[in-house]
Amino acid sequence: MSRAYSCISADAHLEFPPDIWTHQVDERYRDYAPRRIRLASGADGFLIEGQTIYQGGSNLYAGADPTTYDPVGLTWDRPGTGGPEDRLNEQDQDGVDAEILFPGVGGRGMWRGVRDDAAYHAIVRGFNDYLGEEYCAVDRDRLIGLGVIPERGLDQAIAELEHCKQVGLRAINLAVFPSGKTYPTAEDDRFWARALDLDIPITIHVQIDRQRTDPVFKYPKEPPAAIRPPDPMERLFRYGLRGATAATQLVMSGLFDRFPTLRVYFAENQIGWVPLYLEQMDHNYNRHHYWAERTFGWLPLKRAPSEYVREHCYWGFFNDLFGIRVRHEIGVDHILWGGDFPHVESDWPHSQELLKEHFQDQAVPEDERYRIVAGNALDFFNLG
């Protein structure tokens with residue numbers, strides 16, 4: 001019999017120290033893995049090649065008193081930094097039946113500085129092995145860990161996708177597009193197809209990692225630099241917030257026409273801005289796509305761009321009263337609550353009070369409340 005869920009946090013983080021999991025890294029490359037050090041101040045830090053020392057900061061907030069909390073000088077003995085048994089107890093304290101567990105800031109983002117490709121991939125593999133074989137294995141119904149996908153080539157990304165499935169991870173998280181770029185490419189289709197074959201849900205935490213100078217799209221035609229007009233893609237997401245860029249990139253690449261069953265969950269985005277984004281996305285597409293087709297070789301869409309977003313994109317929030325007020329403009333079936341434990345956005349261990357305030361304030365019917373705090377996560381992550 002499947003487990004009954006009444007509350008699932010669809011956005012939580014694994015902020016445990018590296019000494020918990022680095023034993024899973026291939027011994028030949030273990031010296032490249034992040035390690036915990038004690039700083040002169042008495043605080044903990046993570047040390048790894050190519051990065052400044054990571055000290056946790058506001059990512060180790062849960063349960064703190066905001067009048068006395070200080071993000072400087074912390075050690076990894078706080079809520080959210082322990083092993084799986086600790087995590088289950090912390091879920092119980094917060095009235096949460098399960099969590100979707102994203103890699104912590106002190107994990108995935110730090111590994112990019114490792115220059116040796118073999119060592120980099122061994123670190124990713126070690127993390128995923130620990131998560132799938134040890135951490136989540138304690139209770140796979142409640143500890144829903146997301147596999148990390150490497151960012152150094154499509155073949156490696158697909159291989160790790162397949163490995164995540166083998167070790168029991170139910171979904172994966174993308175920090176960049178599958179090819180390792182900050183914009184979609186035709187070769188990414190091999191990854192999307194394999195993810196659908198394996199029935200592995202795709203998540204993006206907040207947004208695709210990119211710098212302002214990174215291109216958002218590679219167009220079929222590129223006008224000469226001397227006469228290059230403004231990028232038309234930026235017109236479509238300019239009134240959206242962080243996840244809007246990647247959602248627009250996916251839509252305008254034609255992805256959802258090629259893969260009509262593919263869905264993507266954008267965690268920790270808040271949602272109040274989404275209706276304006278969708279409205280302005282369509283307006284700007286209608287205003288600009290004719291000249292963009294002539295100048296950049298844009299391929300016209302079969303439907304309004306907002307229709308693809310409404311059908312294929314799911315949005316996560318942690319505290320957004322206005323977003324709940326406009327929930328029907330987004331689609332109740334595409335909204336997921338996540339407490340963001342143990343980051344500074346978290347209200348742990350008082351998440352149920354927060355949710356009560358949100359739903360009572362807006363007189364949200366019980367069936368809609370259930371969809372937002374449990375049912376949508378059950379469906380998206382195939383937990384039912």
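Rings of Phe, Tyr and Trp, the last through its six-membered ring, count as a pair if their centres lie within 6.5 Å. In this predicted model, the structure holds 24 aromatic pairs. One of them joins Phe191 and Trp192. Their ring centres are 5.8 Å apart, and the planes meet at 85°. The pair is edge-to-face, because planes over 60 degrees apart fall in that class. Phe191 is buried, at 0% relative accessibility. Trp192 has 4% and is buried as well, because the cut-off is under 20%.

Aromatic residues also gather in a cluster. Phe16, Trp21, Trp111, Phe127, Tyr130 and Tyr135 form one such group. Elsewhere, rings meet charged side chains. Arg152 lies over the face of Tyr120, at 3.9 Å from the ring centre. At Tyr308, the ring has the charged end of Arg303 over it, 4.5 Å from the centre.

The strands come next. Strand E1 spans residues 8-14. Seven of its seven residues are buried, so the rest of the structure largely encloses E1. Strand E4 covers residues 98-103 and is joined to E1 by five bridges. The two strands run parallel. Within this pairing, Ser9 stands opposite Glu99 of E4.

Glu99 also has a bridge partner in E5, namely Leu143. E4 and E5 pair in the parallel sense, over three bridges. Strand E5 takes in residues 143-148. This strand is mostly covered, with six of its six residues buried.

From E5 the pairing continues to E6. Three bridges link E5 and E6, again in the parallel sense. Gly147 has Ile172 as its bridge partner in E6. Between these two strands the chain passes through helix H4, residues 154-166. The resulting β-α-β crossover is right-handed.

Ile172 merits a closer look. This residue belongs to strand E6, residues 171-174. Its relative accessible area is 0%, and Ile172 is therefore buried. Beyond neighbours within four places in sequence, Ile172 is in contact with Leu146, Gly147, Ile149, Leu161, Cys164, Phe191, Ile200, Pro201, Ile202 and Thr203. Gly147 on this list is the bridge partner of Ile172. Phe191 is a member of the edge-to-face pair with Trp192. Pro201 lies 29 residues from Ile172 along the chain. The C-alpha atoms of Ile172 and Pro201 are nevertheless separated by 6.6 Å.

Cysteines were examined for disulfides. The count comes to zero. Cys136 is in no disulfide, and the nearest cysteine sulfur is that of Cys164, 11 Å away. A disulfide needs sulfur atoms within 2.5 Å, so this separation rules out a bond between Cys136 and Cys164. Cys136 is buried, with a relative accessible area of 2%. Cys164 is likewise in no disulfide, and its nearest cysteine sulfur is that of Cys136. Cys164 counts as buried, at 0% relative accessibility. Cys164 is also among the residues in contact with Ile172.

Conventions:
Residues are numbered from 1 along each chain as its sequence is written. This is a predicted model: local features need pLDDT of at least 70, side-chain atom pairs count only at pLDDT 80 or more; totals for chains, interfaces and linings use all residues. Side-chain values use heavy atoms; hydrogens and water are left out. Rings of Phe, Tyr and Trp (its six-membered ring) pair if their centres lie within 6.5 Å; planes under 30 degrees apart count as stacked, over 60 as edge-to-face and the rest as tilted. Buried means under 20% relative accessible area, exposed over 50%, partly exposed in between (1.4 Å probe, protein chains only). A charge sits over a ring if NZ of Lys or CZ of Arg is within 6 Å of the ring centre and within 35 degrees of the ring normal. Helices (H or I, at least four residues) and strands (E, at least two) are DSSP runs, numbered from the N terminus. Contact means heavy atoms within 4.5 Å. Two strands pair if DSSP finds at least two bridges between them. A crossover is right-handed if, with the strands pointing away from the viewer, the path from the first strand over the helix to the second runs clockwise.
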